[in-house]
Amino acid sequence: SNYEFYKDLAEDLESKRQRLESDYQSRAQNLQQEIQQFQRNINNMTIGQGRAVEEDLMKKQQNLLQYQEQLSQQLLQEQSRINEQLYDKVSDYLKTFGKKNNLQLVLTYQKGSGVLYADDSLNITEQVIAGLNKAYQDEKNGTGTNNAVDDTTSAE
């Protein structure tokens, strides 16, 4: 949550979600207007015309539901891609960080992670976040590599 790269990706994903939601809402609203117009004009149609319009509206409704499912799948795939990118960037950075700081193992420490206790002196989270953010800024500015490790960073 403190990694700028992730924040940027999450912001982009939220923007995309809002655009897709807006598009879906617009399509749903148009369909609702067509249904209302059909209901107003049904008395002026023959039985055959009414059935044809009703079938067309049902198909449009089914298509709208399929479209909604496609949008959901698209967002899930995008979230999965973001998670993979995030994992790869953090993992690559930790390899470099670990070598530089003579670390043999880095564990995640959160409820349910299997680590019941760890001394605070072993917590390198802030250093890693600072290094990741610096590497990301360098990457955005075109002045560094993906695995930049700050020379002033050291494991406690």
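Contact here means heavy atoms within 4.5 Å. Keep that in mind for what follows.

This is a predicted model, where local features need pLDDT of at least 70, side-chain atom pairs count only at pLDDT 80 or more, and totals for chains, interfaces and linings use all residues. Residues are numbered from 1 along each chain as its sequence is written, and side-chain values use heavy atoms, with hydrogens and water left out.

Back to contacts. Take those in the chain between residues at least 6 apart in sequence: 75% of them join residues at least 24 apart.

Now the fold. The chain has three helices and zero strands. From the N terminus, the order is α-α-α. With a radius of gyration of 26 Å, well over the 15 Å that the globule rule gives for 156 residues, the chain is more spread out than a compact globule. That radius is taken over C-alpha atoms, and the rule is 2.2 Å times the number of residues to the power 0.38. Helices (H or I, at least four residues) and strands (E, at least two) are DSSP runs, numbered from the N terminus. Along its principal axes, the C-alpha trace spans about 80 × 40 × 15 Å.

Next, the surface. Of the 156 residues, 21% are buried. Buried means under 20% relative accessible area, exposed over 50%, and partly exposed in between, with a 1.4 Å probe and protein chains only. The chain exposes about 11,600 Å², and carbon and sulfur atoms supply 46% of that. Areas come from the Shrake-Rupley method with a 1.4 Å probe; for residues, only the protein chains shown count as cover.

On to the aromatics. Rings of Phe, Tyr and Trp (its six-membered ring) pair if their centres lie within 6.5 Å; planes under 30 degrees apart are stacked, over 60 edge-to-face, the rest tilted. By this rule there are four aromatic pairs. One of them is Phe5 with Tyr136: ring centres are 5.3 Å apart and planes at 70 degrees, so the pair is edge-to-face. Phe5 lies in helix H1 (residues 4-41) and Tyr136 in helix H3 (residues 125-141), so this pair ties together parts 131 residues apart in sequence. Both Phe5 and Tyr136 are buried. Tyr3 joins Phe5 and Tyr136 in one aromatic cluster.

What about the segment before H1? Asn2 is found there. Asn2 is partly exposed, at 47% relative accessible area. Leaving out residues up to four places away in sequence, Asn2 touches Lys7, Ile129 and Asn133. Asn2 and Ile129 are 127 residues apart along the chain, yet their C-alpha atoms are separated by 6.8 Å.

Last stop: the loop between H2 and H3. Asn102 sits in this loop, which follows helix H2 (47-100). Most residues other than glycine have a negative phi. Phi of Asn102 is near 55 degrees, a positive value in a residue other than glycine. Is Asn102 buried or exposed? Exposed, with a relative accessible area of 68%.

Gln110 is found in the loop between H2 and H3 too. Gln110 is exposed, at 53% relative accessible area. How far apart in space are Gln110 and Asn133, C-alpha to C-alpha? The distance is 21 Å, with their positions 23 residues apart in sequence.
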